[in-house]
Amino acid sequence: MRHYSTLSFRLPVLMTVLLALLCLSCNRSEKQWHIGVSQCSEDIWRNKQNRELTIGGYANNNVYLG
């Protein structure tokens, strides 16, 4: 009859639980931002604002301009 030590039984179980917790904790989704601008006229200031918003959208992957 073989006797297993408590440590040799608990260690694989503990490692499995820690690995499962590590895998589950890494599942974080990044928030997405939707920016909408209502403009009723065409002028230089509004065109400049649209260009700056578009450039800012390129720098941040989680920004959607609509």
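## A tour from Glu52 to Asn62

Start by selecting Glu52, which counts as partly exposed at a relative accessibility of 44%. What you have open is a predicted model, so keep the confidence values mentioned later in mind.

Now add Lys48 to your selection. Its side chain meets that of Glu52 in a salt bridge, with 2.4 Å from N to O. Lys48 is also partly exposed, at 42% relative accessibility. How far apart are Lys48 and Glu52 in helix H2? They are 4 residues apart, so about one helical turn separates them.

**Zoom out to the whole chain**

Show the chain as a cartoon and count the elements: you should find 2 helices and 2 strands. Following the sequence from start to end, their pattern is α-β-α-β. The chain has 66 residues, and buried ones make up 3% of them. The exposed area is about 6600 Å², of which carbon and sulfur atoms supply 61%.

Next, colour by pLDDT. The chain has a mean of 78, and 82% of its residues reach 70 or more. Which elements of the chain have the lowest and the highest mean pLDDT? H1 has the lowest, at 77, while H2 has the highest, at 86.

**Select Arg46 and Asp43**

The structure holds 2 salt bridges. You have already visited the one between Lys48 and Glu52. To see another, select Arg46 and Asp43, whose side chains meet with 3.9 Å between N and O. Are these two buried or partly exposed? Arg46 is partly exposed, with 21% relative accessible area. Buried means under 20%, so Arg46 is just on the partly exposed side of that cut-off. Asp43 is partly exposed as well, at 35%.

**Select Met15 and its patch**

Move on to Met15, which has its place in helix H1, residues 6–25. Switch on the surface and look for the nonpolar patch that includes Met15. Select the other members too: Phe9, Leu11, Val13, Leu14, Val17, Leu18 and Leu21. Together with Met15, these residues have about 790 Å² of accessible area.

**Select Asn60, then Asn62**

Go to the loop between H2 and E2, where Asn60 lies. Asn60 is partly exposed, at 38% relative accessibility. Try the distance tool from its C-alpha atom to that of Trp33: the separation is 9.7 Å, although the two residues are 27 apart along the chain.

Your last stop is Asn62, found in the loop between helix H2 (44–59) and strand E2 (63–65). Is Asn62 buried or exposed? Its relative accessibility is 17%, and because buried means under 20%, Asn62 counts as buried. Which residues is Asn62 in contact with, leaving aside its neighbours within four places in sequence? Show the side chains of Glu30, Lys31, Gln32 and Trp33, and you have the answer. Trp33 may look familiar, as its C-alpha atom was the end point of your distance from Asn60.

Conventions: Residues numbered from 1 in each chain as written. Predicted model: local features only at pLDDT ≥ 70, side-chain atom pairs only at ≥ 80, totals over all residues. Heavy atoms only, no water. Buried < 20%, exposed > 50% of the residue type's maximum accessible area, 1.4 Å probe, protein only. Contact = heavy atoms within 4.5 Å. Areas by Shrake-Rupley, 256 points an atom, 1.4 Å probe, with all protein chains shown as cover. Patch = residues over 30% accessible without salt bridge, like charges linked within 9 Å, V, L, I, M, F, W, Y side chains within 5 Å. Salt bridge = Lys/Arg side-chain N within 4 Å of Asp/Glu carboxyl O. pLDDT = per-residue confidence, 0-100.
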